[in-house]
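Q: Please take a close look at one part of this model and explain carefully how its pieces lie against one another.

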Amino acid sequence: MSSRKKTILKVIILGDSGVGKTSLMQQFINGKFSNQYKATIGADFLPKDLAIDDKQVTMQIWDTAGQERFQSLGVAFYRGSDCCVLVYDVTNTKSFESISSWKDEFLVQANVKDPDNFPFVVIGNKIDVEENKRLISGKKAQALCAQLGNLPYFETSAKEAVNVEQAFDVVARNALQQEESLEFADDYTDAVNIHVDGDNGSCAC
Amino acid sequence: MQGSVGFGGAIASSLEGDREGLAGSAKPVDGAASARVATIKNGDVRNGDSRDSEFSNVNLGSVSVVSDEPPSGRKIGAGHSREPSESTYSFLDFYTSNGSPPREDESKREEPVQEEPFLVVSKRGEEPDDARLGSTKAIPKRTESLMSTRTSRNSAERIRSNIESDLKSSSASHLPSVKNTGQLKRTSFLTSDRDRYGFKKTSNHISESKYNAWWKEYSVYVVRRKMKWEKFMNKSGLSGHSSGASFKAPSRFPPKSDDLKRFVRKGIPAEWRGNAWFYFAKGPEKLKENKGKYDRLVEETLNLVNENTEAIEKDLHRTFPDNIYFTNKTSVNQETGLVEESESPLIQSLRRVLYCFSQHNPAIGYCQSMNFIVGLLLIFMEEEKAFWMLVIITERLLPGIHDINLEGVSVHQGVLLTCIKQYLPQVWTVINSTIKDKQNTDILLDLPPLSFCTTSWFMSIFIGVLPIESTLRVWDCLFYEDTKTLFRISLAIFKILEPSLISAAQTAKSRHRHSSRSSIYSNDSDDADMVTAELFQLIQNTPKTLLDANSLMETCFKKYNGFGHVSQDEINNCKKYVANKRQRYHEMIQKRTSAFGSDVDRRALSEEERRRLLAESMGLYADKKVGLRASNWNGRLSGRVKRIQSRLS
């Protein structure tokens with residue numbers, strides 16, 4: 001194992017302003033929640049080493065600014081990413097409705113070769129709120145994810161550390177699969193676009 | 001006095017402990033939450049400090065509790081029984097009366113019962129969650145009246161004048177009557193967990209011991225500089241009213257001179273900053289031209305709801321969550337046992353300024369990062385001035401930076417990269433090694449990922465990038481010396497980063513090569529990713545450790561190997577060059593898109609087009625005699641152009 005290459009997995013977190021992207025990243029990486037996060041300007045970056053089965057990987061997580069106008073900066077760091085996490089806030093309908101445009105925007109900017117098989121993971125955050133404040137039901141979200149191409153869907157609370165670990169585990173696994181298929185394709189650029197496995201959508205939540 | 005600061009810190013820390021504790025345990029217990037909050041409140045009352053009672057009075061005043069209301073619903077004007085005081089509270093009056101400000105009495109006389117017009121009510125035992133408030137309330141119910149606005153402005157102004165007097169005594173020592181309080185205040189910051197602006201002293205990057213060790217030295221420096229400033233001002237015939245023991249914060253400053261520039265670079269006394277920034281940025285003129293405009297805007301935007309205001313609401317509580325004055329207060333209503341949260345007056349000011357600006361300049365509306373700029377301004381000046389400063393910053397100092405397409409940000413990043421290439425070639429080599437597909441990439445048109453790290457340097461003018469005291473020193477120079485300051489400081493930061501960037505790039509490469517030796521997967525692109533990640537972290541984190549403002553300024557302005565020679569003309573010309581080039585590029589893309597449809601790869605200009613682009617932008621730039629040879633930006637292409645030209649001739 002030590003002689004094997006340490007794989008870098010590049011993961012981008014997208015979603016409307018205030019849905020909890022920074023909180024999710026911090027919860028996953030540091031296992032902490034704080035209500036002291038400031039609005040993200042530009043982009044933030046954090047790495048995390050982890051093992052997937054017997055493989056050592058370094059996950060590079062890129063946290064982004066949510067306000068729409070930041071999109072026009074031309075998002076150079078989207079390129080070469082292995083997985084994209086789309087986050088919305090279960091108490092905010094607009095953030096849910098933006099999910100599919102975030103997905104499209106990513107595919108355009110990242111210049112993804114095979115958009116149909118690129119791994120996305122959808123996260124509905126802030127499920128710790130009281131039931132009556134929740135505006136987007138799990139059913140509705142799952143319907144959207146099915147429609148967007150059977151995307152894996154998780155409901156999380158970054159605040160109470162619910163499901164965050166599980167969601168990022170799937171992120172890591174799908175990213176790894178993507179990275180391996182990309183490397184394979186890169187080395188044989190003449191070959192037909194081979195995808196080892198396009199089965200990204202089967203993960204249960 | 002000493003008690004008040006220490007106490008302010010204590011409140012904040014126990015509050016935080018509370019929140020984080022609750023968050024950690026994941027199941028807030030009713031009783032525990034209420035009890036803890038209640039303790040704070042009692043402490044508040046007992047202390048009787050005006051700043052703290054400012055908040056606690058809110059809870060003593062009449063309050064309408066609507067438990068069905070979501071925590072977002074703001075109840076307005078509840079129990080408003082008294083006209084707010086007509087007189088505007090001025091910290092200047094405050095100073096002239098007596099050397100040691102009798103803060104408590106004064107404020108009580110000014111507004112006998114402070115009734116807070118805004119109230120957020122949470123349900124019993126629910127953890128108050130600032131971060132969430134913004135996002136849950138999609139459309140805030142704003143039914144404010146002008147009267148409640150006036151009250152709120154007065155409270156904000158009072159808080160600010162308290163900060164002002166804190167700042168004043170933290171830099172006072174030479175006059176006998178202030179000496180004691182000054183020294184007490186300075187040492188009291190050593191025991192508090194807050195600095196003199198109300199920010200948390202520690203961060204992930206700065207420990208308390210590191211902060212205290214630095215502050216012990218720096219506070220002495222601050223006092224010394226203040227004395228020299230006073231002497232300097234006296235010499236310039238701008239002595240102000242040295243009545244009593246205090247030197248009134250001047251509202252006018254001497255004409256520009258090398259001496260004054262030196263003084264500004266060494267730091268403007270903190271309690272003068274508001275006036276000095278406003279004066280140097282030509283705020284008084286702006287204010288004079290627009291008398292009454294701000295008040296009208298406040299009136300117009302009272303109940304405004306649109307896309308901008310929604311975005312603003314999301315960010316109000318995420319602006320300075322680490323500053324005590326920008327944090328809402330929670331308390332338990334003794335009668336009902338409900339946890340109540342009252343909105344900080346400075347957050348209300350922040351809201352008004354941002355609302356007004358979005359109305360005043362719809363082309364910009366609201367852009368994230370303006371919240372930080374206004375937030376910092378509000379610590380130093382009253383909200384009308386802060387508003388006009390924002391106008392000046394967005395119109396004159398950082399044009400385009402906050403525009404809807406953020407084109408100004410890209411232009412500034414391009415200029416910064418050009419500066420780095422010119423003045424820090426070794427850093428440039430490192431950055432260049434992160435660029436994939438160098439042949440087909442023009443870095444000015446297609447910014448590298450590392451540029452996202454330096455975005456906030458310009459957008460938020462270093463707030464949150466550098467520690468607060470260093471940020472303020474940058475702001476001093478910015479308003480006095482114009483925007484070249486931002487590039488000089490950026491270069492100084494990269495100069496500080498230089499050795500670690502170089503070694504990080506080397507180790508990242510060699511580590512990656514080594515570990516992938518047996519792999520067939522190794523390629524340049526992975527190398528670039530690896531290096532980018534390492535560099536990004538360094539560029540992201542190192543500035544946050546630059547606590548010592550003096551050594552940052554020294555790096556920036558020292559005679560040899562400093563950046564004081566980077567001139568405004570040079571920056572302006574380079575900006576023009578980058579902006580023109582980008583504009584031409586966008587026009588070409590547009591033409592291609594309309595000709596070939598939208599599926600054209602945006603980056604793929606034909607060789608012919610690239611040549612034309614370069615030749616044209618060279619023409620724009622080559623006429624000017626400037627130090628930055630940006631026309632040689634793309635060596636490969638310019639070489640080719642030269643060859644073509646020689647062939648033609």
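A: What follows is an account of helix packing in one chain.

The model is predicted, so local features need pLDDT of at least 70 and side-chain atom pairs count only at pLDDT 80 or more, while totals for chains, interfaces and linings use all residues. Residues are numbered from 1 along each chain as its sequence is written, chains are lettered from A and ligands numbered from 1 in the order in which they are written, and side-chain values use heavy atoms, with hydrogens and water left out.

In chain B, an unreviewed UniProt entry lists residues 267–482 as "domain: Rab-GAP TBC"; UniProt positions follow the numbering used here, feature names are shortened, and annotations may be inferred rather than shown by experiment. Over residues 267–482 of chain B the chain is 57% helix and 4% strand, with its end C-alpha atoms 16 Å apart. Helices (H or I, at least four residues) and strands (E, at least two) are DSSP runs, numbered from the N terminus.

One pair of helices here is α14 (residues 307–316) and α15 (residues 345–360) of chain B, whose axes come within 10 Å and cross at roughly 155°. Such axes are lines fitted to C-alpha atoms, for helices over the stretch in contact, and the angles run from 0 to 180 degrees between N-to-C directions. The angle makes α14(B) roughly antiparallel to α15(B), on a scale where under 35 degrees counts as roughly parallel, over 145 as roughly antiparallel, 65 to 115 as roughly perpendicular and the rest as oblique. Asn308(B), Thr309(B), Ile312(B), Glu313(B) and Leu316(B) of α14(B) meet Ile347(B), Leu350(B), Arg351(B), Leu354(B), Tyr355(B) and Ser358(B) of α15(B), where contact means heavy atoms within 4.5 Å. These residues divide into six nonpolar, three polar and two charged, with Ala, Val, Leu, Ile, Met, Phe, Trp, Tyr, Cys and Pro counted as nonpolar, Asp, Glu, Lys and Arg as charged, and the others, Gly among them, as polar. The crossing of α14(B) and α15(B) is right-handed; the near helix is turned clockwise from the far one by less than a right angle in a right-handed crossing, and anticlockwise in a left-handed one.

Helix α10 (residues 258–265) of chain B comes within 11 Å of α9 (residues 208–235) of chain B, axis to axis, and the two cross at roughly 155°, so α9(B) and α10(B) are roughly antiparallel. Their crossing is left-handed, and it brings Arg225(B), Lys228(B), Trp229(B) and Phe232(B) of α9(B) into contact with Asp259(B), Leu260(B), Phe263(B) and Val264(B) of α10(B). That contact has five nonpolar, no polar and three charged residues.

The axis of α10(B) also comes within 8 Å of that of α21 (residues 468–481) of chain B, again crossing at roughly 155°, and α10(B) and α21(B) are therefore roughly antiparallel as well. From α10(B), Leu260(B), Lys261(B), Val264(B) and Arg265(B) take part, and from α21(B), Arg473(B), Asp476(B), Cys477(B), Tyr480(B) and Glu481(B). Here the classes are four nonpolar, no polar and five charged residues.
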